[in-house]
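Student: I would like to learn how to read a fold step by step. Could you take me through one?
Tutor: Gladly; let us look at it together.

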Amino acid sequence: MKKRVLAVVMAAAMLFGLAACGGNGDSGSGDLIKVGIINNDPNESGYRTANDKDLQAMFTKENGYDANFAYGDTNDKQINAAQQMIQSGVQYLLLSAQDVSGWDGVLQDAKNAGVKVILYDRTIDADASLYEASVVSDMAKEGETAANWLKNQNLGEYNIIHIQGQMGTAAQVGRSGALVDMANAEGWNIVKQQTGNWNAEQAQQIVQSVIDAGTSFNVIYAENDNMAQGAVAALDANGITHGVNGDVVIMGFDTNKWALQELLNGNWNYDGQCNPLQASYLDDIIKKLEKGETISPKTIIMDEKGFDASTITEADVEKYGI
């Protein structure tokens, strides 16, 4: 009788041990790395849509993450989301900041709570001790590459419509700064400078206002592809030629596949690359930090280039289009 009771007890103990080792699919959830991801509106542009899709595909339970996504079109909204994530106990906070400034307080809160911050997509003006690493595009270099390309076109005169991105963002600051510096150095004339907030319709309105005013222009420097598309719509509506052998040089940024196709077709002249596929870099950083490794260099700058309508190929469109 005692032997029978002992056998039953041992069998029950073995069954309990098996259940505790993960026979239930939910029991392993404690091993997931808890990550808070703050981004900009996915509908902001084709670039942003691709960026969000890349992050959503990487930070899944299948890949070992318990991820919470939040989106904000202002610093205040993003900071509020960051504070909530810190309070919820995330281990990592991944941040694509709306504006470059205003982040010191919440990042200090994250550090005090033991939350590791990783920047992606955009730089911020904050002490480097407040974040572990950053995976970013060099927006100033993107602007310099574009401005140098424009200088090398050796136009007889430069009358430029400058359509800026959302003011205060790293992309706007970098791309605007390079053009303004070059214009000042070369004596170029910026006939109109206004934010289009990354929006095609606003860009179209800006160009239409210049046309209605009877102001002469021969270059449109739009700080993303969507705004370049809107600018071209205004030109088409008014019978103004553009692109290769056209009256107006068209410049955009982000290398959406449809935008690179516009270059290939000769409708645009230049498109600057801005790589949205950063999730694999972030995953690698987190894995290294989990092992106790130090990230060096702390700032990882993605390799990017500019594309010219006279040299772009179909292979470029397929390889670099997003």
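Student: At what angle do the axes of helix 5 and helix 6 cross, and within what distance do they come?

Tutor: Before the answer, please keep in mind that this is a predicted model. In general, two packed helices are described by the angle between their axes and the distance between the axes. Here, helix 5 (residues 139-151) and helix 6 (residues 170-186) have axes that cross at roughly 35° and come within 7 Å. The crossing of this pair is right-handed.

Student: Which residues of helix 5 and helix 6 meet?

Tutor: On the helix 5 side, they include Met-139, Ala-140, Ala-147 and Leu-150. On the helix 6 side, Ala-171, Ala-178, Leu-179 and Met-182 are among them. Sorted by class, the contact between helix 5 and helix 6 has nine nonpolar, three polar and five charged residues.

Student: Now the sheet. What is the order of the strands in the open sheet?

Tutor: The order is 2-1-3-4-5-11, six strands with parallel pairing. Strand 2 and strand 11 (299-301) each have a single partner strand, so one side of each has no neighbour in the sheet. From one strand to the next, the twist averages 15°.

Student: Is strand 1 largely enclosed or largely open?

Tutor: Burial is the thing to check, with under 20% relative accessible area as the cut-off. Six of the seven residues of strand 1 (residues 33-39) are buried, so this strand is largely enclosed by the rest of the structure.

Student: How many bridges join strand 1 to strand 2?

Tutor: Seven bridges join them, and the two strands run parallel. Within that pairing, Ile-37 stands opposite Phe-69, and Ile-38 stands opposite Ala-70. To get from strand 1 to strand 2 (residues 65-71), the chain passes through helix 2 (residues 46-58) in a right-handed β-α-β crossover. Helix 2 also lies across strand 1, strand 2 and strand 4, running at about 160° to strand 2.

Student: What are the bridge partners of Val-35 and Gly-36 in strand 3?

Tutor: Val-35 has Tyr-92 as its partner, while Gly-36 has Leu-93. Strand 1 and strand 3 (residues 92-95) pair in the parallel sense over four bridges. Strand 3 is covered on both faces: Tyr-92 and Leu-94 are buried on one side, Leu-93 and Leu-95 on the other.

Student: Which strand 4 residue stands opposite Leu-94?

Tutor: That is Ile-118. Strand 3 and strand 4 are paired in the parallel sense over four bridges. With helix 4 (residues 104-112), these strands make a right-handed β-α-β unit.

Student: Which strands does helix 10 lie across?

Tutor: Helix 10 (residues 279-290) lies across strand 1, strand 2, strand 3, strand 4, strand 5 and strand 11, running at about 160° to strand 4. In the loop between helix 10 and strand 11 you find Pro-297. A cis peptide bond joins Ser-296 and Pro-297, with omega about 0°.

Student: What is the phi of Asn-197, and what is the phi of Asn-245?

Tutor: For backbone checks, look at the sign of phi in residues other than glycine. Asn-197 has a positive phi near 55°, and Asn-245 has a positive phi near 65°. Asn-197 sits in the loop between strand 7 and helix 7, and at 33% relative accessibility Asn-197 counts as partly exposed. Asn-245 is in the loop between helix 8 and strand 9 and is exposed, with a relative accessible area of 82%.

Key:
Residues are numbered from 1 along each chain as its sequence is written. This is a predicted model: local features need pLDDT of at least 70, side-chain atom pairs count only at pLDDT 80 or more; totals for chains, interfaces and linings use all residues. Side-chain values use heavy atoms; hydrogens and water are left out. Buried means under 20% relative accessible area, exposed over 50%, partly exposed in between (1.4 Å probe, protein chains only). Two strands pair if DSSP finds at least two bridges between them. A crossover is right-handed if, with the strands pointing away from the viewer, the path from the first strand over the helix to the second runs clockwise. Axes are lines fitted to C-alpha atoms, for helices over the stretch in contact, and angles run from 0 to 180 degrees between N-to-C directions. A crossing is left-handed if the near helix is turned anticlockwise from the far one by less than a right angle, and right-handed if clockwise. Contact means heavy atoms within 4.5 Å. Ala, Val, Leu, Ile, Met, Phe, Trp, Tyr, Cys and Pro count as nonpolar, Asp, Glu, Lys and Arg as charged, and the others, Gly among them, as polar.
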